[in-house]
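Colleague: Could you take me through one part of this model up close? I'd like to see what sits around one strand and how the aromatic rings fit in.

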Amino acid sequence: MLFPTQICMLFLVVLVNAAEQSVPDKNTGCVYGHPGIPGDPGHNGMPGRDGRDGAKGDKGDRGDIGTCGTTGKEGPKGDKGEPGVSGIAGVKGKRGDNGERGPPGKMGPQGFPGPLGLKGQKGELGLPGPQGIKGDVGPTGPVGPQGDIGYKGDKGIQGPLGPPGRPGPKGEVGHPGIKGSIGVRGEKGSKGDIGEQGPKGDMPEIPKSAFSARLSESSKLPAANTPILFDKIIYNRQGHYDPQTGRFTCAIRGVYYFTYYITVFSRNVKVVLMKNGQRVIYTMDSYQGGEDQASGGAVLELETGDKVWLQVADKLLFNGLYADEDDDTVFSGFLLFAT
């Protein structure tokens, strides 16, 4: 590419040559001299305007497919799309293996009796049963007609001894015989006379301890984790039960039986039989509406001074022990035997 200065110099040379050719040649026989020294270049002209963009050319032919570039970085995970339309139900799969047998469930209510089944096939002939007991001798039948005389039979079994005959003359003393077997046991003799009455003995002192008490309308729905006050005494002659504290105190060392009968109403029931602050047995009943009953009992061996009582376990939601004019809740205990 030519610079602007060089372009200007070429332009001047062209102009000079044109001027020389335009002057008429006066002396056709003269010779041209050598060209003069080129003059200094002129000043740079003003820059021309930018050319306008040409029209867009036609689309070229499609180039060859380039080589596959490297895999780009994994883009960020997009938002979860909406669930698609449910597909058509697939073919039913194979039946799975049988699981382990679960624990036996609670016994359900008795079902309705089923319809009468068809008559079964006749069973096989059973084994012969044991020989029965010999029956009593039947009554004597009527005398039949006389039969024909039969053949002489074999000699029969010797009959019973006849009555003793007259005593014969005394014989000589024989040799001692063989000892016989033990005879049959004789029949039981008749009862003897009653003997004389003996002197009156001392009456033994039997240890006694028992009580029975029930709730009143003021003591129903008792508080939890404290002795229940069975304040209506049914029996407490020995005074071993205290209705003020609800506790039974052992006065006789021995084995006792304690029992309780509860009317459940309006709430669940969960009670525990206590011995010296230790829990012995629980009884629980869930309220199902209306009135319900619950009961329990235990045999305990007590030492003198041991205390036994009944109390509500857990919270007040389990204190549905009820009593009114027609319903009772009772706590009882008594001595079985002293030790």
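**A strand and its surroundings**

Modeller: Let's start with E9, which is covered on both faces: Asn319 and Leu321 are buried on one side, and Gly320 and Tyr322 are buried on the other. Keep in mind that this is a predicted model. The pattern fits a general idea: in a regular strand, side chains alternate between the two faces of the sheet.

Who is the neighbour? E5 and E9 pair in the antiparallel sense, over three bridges. In one piece of that pairing, valine 269 has asparagine 319 in E9 as its bridge partner.

The two strands also share a ring pair. Phenylalanine 265 and tyrosine 322 sit 4.9 Å apart, centre to centre, with 50° between the planes, and the pair is tilted. Phenylalanine 265 belongs to strand E5 (residues 254–275) and tyrosine 322 to strand E9 (residues 319–322), so the pair links distant parts of the chain, 57 residues apart. Now look at how covered each ring residue is. Tyrosine 322 has 15% relative accessibility, and because the cut-off for buried is under 20%, tyrosine 322 counts as buried. Phenylalanine 265 has a relative accessible area of 29%, so this residue is partly exposed.

Next, go back to Leu321, the E9 residue we met on one side of the strand. Leu321 is among the residues that touch the most other members of the largest nonpolar core, which has 27 residues; Ile262 and Phe258 are also in that group. E5 gives the most to this core, with eight residues. E1, strand E7 (292–302), strand E8 (307–312) and E10 also give two or more residues each. Isoleucine 262 touches Leu321 too, and its other contacts include Val269, Val271 and Ala294, leaving out residues up to four places away in sequence.

Rings turn up elsewhere as well: the count comes to 12 aromatic pairs. In one of them, phenylalanine 211 and phenylalanine 331 have ring centres 5.3 Å apart and planes at 75°, so the pair is edge-to-face. This pair links distant parts of the chain too, with phenylalanine 211 in strand E1 (residues 210–214) and phenylalanine 331 in strand E10 (residues 330–338), 120 residues apart. Both of these phenylalanines are buried. They also belong to a cluster linked by ring pairs, together with Phe230, Tyr241, Phe248, Tyr256 and Phe258.

One last ring to look at: arginine 247 lies over the face of tryptophan 309, at 4.7 Å from the ring centre.

Notes: Residues numbered from 1 in each chain as written. Predicted model: local features only at pLDDT ≥ 70, side-chain atom pairs only at ≥ 80, totals over all residues. Heavy atoms only, no water. Phe/Tyr/Trp six-rings, centres within 6.5 Å; stacked < 30°, edge-to-face > 60°. Helix = DSSP H or I, 4+ residues; strand = E, 2+ residues; numbered from the N terminus. Buried < 20%, exposed > 50% of the residue type's maximum accessible area, 1.4 Å probe, protein only. Lys NZ or Arg CZ within 6 Å of the ring centre and 35° of its normal. Pairing = 2+ DSSP bridges. Core = buried A, V, L, I, M, F, W, Y, C linked by side-chain atoms within 4.5 Å. Contact = heavy atoms within 4.5 Å.
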